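Me: I'm new to this one. Could you show me how to read a few of its features?
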Amino acid sequence: MGDKIKRIVNTAQFNMFMVAFIVITILFFVGLVVLKYNVEGETNLPFYLSKISVISNIEGTDIEDNSNRWSLSVNQNNDIYLYIKKNDNYKNSEIIESIKLDNFNIVQGPKIGEIKLLKPDSNVESVIFKNIVENEVDKIEYLGGMESSIKDMKISNQGGLVTFRYAVNNIGNYVSNDDEEINHSQLLKKLSINNDDLKFRVSFDICINLNSNKAYKSSINLEFPVNDIVNNGTQSVEYTDLKDIIFKRL
């Protein structure tokens with residue numbers, strides 16, 4: 001019996017079978033690792049996205065009109081704040097070189113208005129954003145530095161805040177000679193615009209680039225405006241359950 005087994009083991013067919021079995025086993029476990037990574041991504045990032053805040057509001061900007069007391073172009077603004085936090089459980093020291101947001105796509109557009117992506121305004125101290133052509137961009141980049149500065153689009157190299165605006169401009173013009181003053185939060189009602197007219201969805205990529213040449217990338221999907229701004233005016237929401245935002249190393 002032993003001699004028969006020995007002869008089988010020494011055959012070329014058996015050796016080929018064993019090689020194939022080992023290769024298939026290795027590929028199986030590699031496949032499990034790849035599948036797990038695609039589902040979970042990096043589980044121990046040096047920096048991570050801890051929170052997303054969105055503030056939606058209504059704004060009327062003056063239009064030159066000598067024949068009417070009030071003449072306003074109405075915009076709907078959505079200010080997005082991304083909080084990048086240092087992972088205290090990460091053993092090695094890392095420094096943020098930059099945070100890049102690109103590949104912006106309108107998944108579903110609003111029924112009215114013109115969508116614009118805006119960076120923070122660098123000239124007017126009293127506001128973070130201003131809906132002007134000079135601030136319109138197609139990507140956002142914050143450079144790492146010793147301190148954060150939204151106006152200069154800088155983030156602390158140990159974590160901080162990245163912010164930008166999605167605006168729906170020119171959704172309507174409000175003209176009046178009767179109003180003593182204008183409550184901007186009521187402009188949508190005055191124009192008979194509802195929330196469904198304004199709803200839109202966007203996607204974009206975020207990449208955390210480190211000085212060590214490591215980079216981690218993920219995709220984010222958001223819907224605007226948040227809540228019922230037609231009836232309630234300025235609305236805000238915070239997203240802290242971000243388990244669906246998966247970062248992978250480039």
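Here is a short talk about a pocket and two residues.

Reply: First, this is a predicted model, where local features need pLDDT of at least 70, side-chain atom pairs count only at pLDDT 80 or more, and totals for chains, interfaces and linings use all residues. Residues are numbered from 1 along each chain as its sequence is written, and side-chain values use heavy atoms, leaving out hydrogens and water.

Me: Is K214 buried or exposed?

Reply: Buried means under 20% relative accessible area, exposed over 50%, and partly exposed in between, using a 1.4 Å probe and protein chains only. K214 has a relative accessible area of 17%, so it's buried.

Me: Where is K214 found?

Reply: Strands are DSSP runs (E, at least two residues), numbered from the N terminus. K214 is in the loop between strand 8 (200–210) and strand 9 (215–224).

Me: What is K214 in contact with?

Reply: Contact means heavy atoms within 4.5 Å. Setting aside neighbours within four places in sequence, K214 has Y90, E94, I208, N209 and R249 in contact.

Me: And how does Y239 count, at 30% relative accessibility?

Reply: As partly exposed. Y239 sits in strand 10 (residues 235–239), and its C-alpha atom is 5.0 Å from that of I52, though the two are 187 residues apart along the chain.

Me: Which residues does Y239 touch, not counting those up to four places away in sequence?

Reply: Y239 touches S50, K51, I52, V54, L222 and V226 on that count.

Key:
Helix = DSSP H or I, 4+ residues; strand = E, 2+ residues; numbered from the N terminus.
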